[in-house]
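Ready for some practice in reading a structure? Take a look at the model below, then work through the exercises one step at a time.

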Amino acid sequence: MGIRSLKTASISTGVKRSKVWDQSAVVLLGSFDSIATATLSSSQSAITFSSIPSTYKHLQLRMLLRADRSGGDDIMIKFNGDSGANYVNHVMGGDGASPFPYGQTGNNFIYAYQGVPGAGTTSGLFYGGILDILDYQNTNKNKVTRNIQGYDNNGGGNIELTSGLWQSTAAISSISVAPRYGTNFVQYSQIALYGIKG
Amino acid sequence: MANTYKLIQSFTVPNSTTYTVDIGSGGTIPQTYTDLILHINTRSNRAALNDDIVLRINGVTTGTIYGNRRAYVNGTGTGTDAQAGVNSPYIGTAGGGSTTANMFGATTYYFPSYTGSLNKIMNSKGSSTDIGADLSQTMGYWTAATSSPITSITIFPQNGTYWAQGSNFYLYGIKNS
């Protein structure tokens, strides 16, 4: 588990902090650390990781998601709370019958196109996605994401490699993931954030 | 978390004169892992929106041991291509010198069983999304017909003559236990 900062109070008084990385020191081995994991105990409109540690070189999100929209949904990813038209998306995918490319500029979020199963799909079916963000702290680079994702509904589904661009050189300190059309991710949806040291 | 994913070597281009990047120069990649992962964030000086990336192993520059297959998309169309029996296989995606300022491509290479005696294989996922419709992403599969373990990796732009300042390369080892 990553450590963002050690707070004296949490050690001397035993008072638990709101952020897991504020609570205790953990010996880290290797270069791939779990920073935080959010698992929904009930439906929720978004999952947000804030105060992301600056001690890593790359980030990875591992996502298991299902939305409550009938038929399925896209997911929206935003950085540092930016909702401006500063995002670009490209998709290369297939649905078992036809390949599909897709591109979108001047968007308000990075998205996973038609990737998340919804209320009309098989119960217990979740989307799986692994999204990489290389060099997320570099203030001389715009941020490029790469996500391989998909699901299979035993008769429907898709597989996609998606690219996202956030036209900002700011270091990424927060990541928000939300359904695009539906109102919520459902119970048991999960996103794990990992840091990769450089 | 178990010590199964560990940084082996990194390199950041200090100025725009670096053409070839050698990871494990001299054959120094440790043989103590199961797989290798190489994350690169690169931009070349090619006068275009993107560039391809040539990847060789073990300093092999002659012969015809390399081959690859790619699928790619530029936002409006898809394509696929292949190379066979070459010595400069291109795989992955870098930003080009004409793309938006501060744009770098992001590519990850995965080398399973790199110490074994079977032919070496690798898959890649690369993105260099530009603001407009550009060759934005590639999936690739690469092979090298050699029984030798991978002890070094050489990367250079296919068309450009150097990597832009700030391009970086991170090699990690993964253990299966």
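## Exercise 1: A sheet in chain B

In this predicted model, chain B has an open sheet of 4 strands, running in the order E2-E11-E4-E7 with antiparallel pairing.

**Task.** Find which strands of chain B stand at the edges, and say why one side of each is left without a neighbour.

**Solution.**
- Step 1: Go to the edges of the sheet, where you meet strand E2 (21–23) and strand E7 (90–95) of chain B.
- Step 2: Each of these two has a single partner strand, so one of its sides has no neighbour in the sheet.
- Step 3: Now follow the twist, which averages 30° from one strand to the next.

## Exercise 2: One pair of strands

**Task.** Over how many bridges do strand E4 of chain B and E7(B) pair?

**Solution.**
- Step 1: Locate strand E4 at residues 50–57 of chain B; its antiparallel pairing with E7(B) runs over 4 bridges.
- Step 2: Pick out Asp52(B) and look across to E7(B), where Thr93(B) stands opposite.

## Exercise 3: Where the chains touch

**Task.** Describe the contact between chain B and chain A.

**Solution.**
- Step 1: Count the residues: chain B gives 43 and chain A gives 37.
- Step 2: Add the area: about 3100 Å² is buried between the chains, with 62% of it from carbon and sulfur atoms.
- Step 3: Check for pairs: there are 0 salt bridges, but 15 residue pairs are in polar contact.
- Step 4: Find the elements on chain B's side; those giving two or more residues include strand E1 (5–12), strand E3 (35–42) and strand E12 (168–174).
- Step 5: Sort that side's residues into 17 nonpolar, 22 polar and 4 charged.

Terms used. Residues are numbered from 1 along each chain as its sequence is written. Chains are lettered from A and ligands numbered from 1 in the order in which they are written. This is a predicted model: local features need pLDDT of at least 70, side-chain atom pairs count only at pLDDT 80 or more; totals for chains, interfaces and linings use all residues. Side-chain values use heavy atoms; hydrogens and water are left out. Contact means heavy atoms within 4.5 Å. Buried area is the accessible area (1.4 Å probe) that two parts lose on being put together, summed over both. A salt bridge is a side-chain nitrogen of Lys or Arg within 4 Å of a carboxyl oxygen of Asp or Glu. A polar contact is a pair of N or O atoms within 3.5 Å; within protein, one must be able to donate a hydrogen and the other to accept it, and residues adjacent in sequence count only if both atoms are side-chain atoms. Ala, Val, Leu, Ile, Met, Phe, Trp, Tyr, Cys and Pro count as nonpolar, Asp, Glu, Lys and Arg as charged, and the others, Gly among them, as polar. Two strands pair if DSSP finds at least two bridges between them. Axes are lines fitted to C-alpha atoms, for helices over the stretch in contact, and angles run from 0 to 180 degrees between N-to-C directions.
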